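Student: Please take a close look at the surroundings of the ligand, and at how they relate to the rest of the protein.

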Amino acid sequence: MTDSDTNHNLRTGKLIGASLGPGDPGLITRRAWQYLHSDAVWTFPVRRKGGRSFALDIALRAGAGVPAESIPLVFPMTHDAEKLARHWLLAAETVLQLLYLGRDVVFLVEGDASTYSTWNHLSRTVRALDDRIELETIAGVSSFQAATARLRMPLADVDDTVAVLPAAYGVDAVERLLPEFDTLVLLKVKPLLDDLIDLLARRNLLQHACFVEKVGAVEERVVRDVVSLRGQKVNYLSLLLVRNPQRNKGERLRGCRKKTDTDPAMEMEEDASA
Ligand SMILES: C[S@@+](CC[C@H](N)C(=O)[O-])C[C@H]1O[C@@H](n2cnc3c(N)ncnc32)[C@H](O)[C@@H]1O
């Protein structure tokens, strides 16, 4: 029997995207924790060879022991599509080799794995190479959910509308959304922070904005006086939350609530179940 025959008879492993939350080890779900203690091989994203992994740091701070088999996968921060595709392929091939040996592979992800995450690139590329691979995405707490909780502000209240967007689309795009959304979650704000502050000042929204950096990590920083950040270099792991009292609240044509003309208590009851 050849090596390839032997491998062929093995069960193919499963690939798991384990969301670890944005930094506070207490926000790791029980399901992700279970996989950190299984015999799955750990993999985690780094920006460059030898670079640090924030996702791995979260697991370490939670007290999970790194298994002997743990493999960094390089996901560079670049807009160079060719370079990105090359690294996604390399990462997917590395993972596939382990899966074909029958090993389960857990990919550690900062925040929520479905939200602007390297997990999306990895899982998509693996499935493009072999669509029989079993995948599991473990849901997690995203940075902005943790940030709103940290600030004790609602992400969405009653019939609020919420926009989540990478600020890279520019201040014009953010401004265009203002009439439609009660809450704006601006991610990846680092390169545009000064322009965003100018926009907030121009639209009279400074008192409704808050900046949060590395939420849940030891270095967490919350800045309510966002103007004080002008000219400062901030960490890539930072975001802006803006509550927008200027949203045009149009008429709701249809909702889940019952008509309440005669019985306002009914409306309260429906909300209380959410
Ligand atoms: C590639 S996205 C990853 C989003 C992540 N998967 C999530 O669920 O929040 C990176 C952006 O998310 C935000 N972010 C991620 N982690 C953060 C943290 N711990 N504190 C503040 N912002 C964070 C920042 O805006 C950062 O530029």
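Tutor: What follows goes from the ligand shell to the nonpolar core. The model is predicted: local features need pLDDT of at least 70, side-chain atom pairs count only at pLDDT 80 or more, and totals for chains, interfaces and linings use all residues. Residues are numbered from 1 along each chain as its sequence is written.

Around the ligand there are 22 residues, of which P22, G111, S142, S143 and L187 come nearest; a residue is near if its C-beta atom, placed from the backbone, lies within 6 Å of the molecule. The shell has nine nonpolar, eight polar and five charged residues, where nonpolar covers Ala, Val, Leu, Ile, Met, Phe, Trp, Tyr, Cys and Pro, charged covers Asp, Glu, Lys and Arg, and the others, Gly among them, are polar. Strands β8 (209-213) and β10 (238-243) each supply at least two shell residues; strands are DSSP runs of E, at least two residues, numbered from the N terminus. Because domain 1 (3-141) and domain 2 (144-243) both give residues to the shell, the ligand lies between them. The domain bounds come from an automatic or database assignment.

The largest nonpolar core has 65 residues, and those touching the most other members include L186, L239 and L241. Such a core is a set of buried Ala, Val, Leu, Ile, Met, Phe, Trp, Tyr and Cys residues joined through C-beta atoms within 7 Å, buried meaning 20 or more other C-beta atoms within 10 Å of a residue's own. Both domains give residues to this core, so it lies between them. Leaving aside neighbours within four places in sequence, L239 is in contact (C-beta atoms within 7 Å) with residues including S143, L186 and L187.

Note on methods
Helix = DSSP H or I, 4+ residues; strand = E, 2+ residues; numbered from the N terminus. Buried ≥ 20, exposed ≤ 12 C-beta atoms within 10 Å, placed from the backbone. Contact = placed C-beta atoms within 7 Å.
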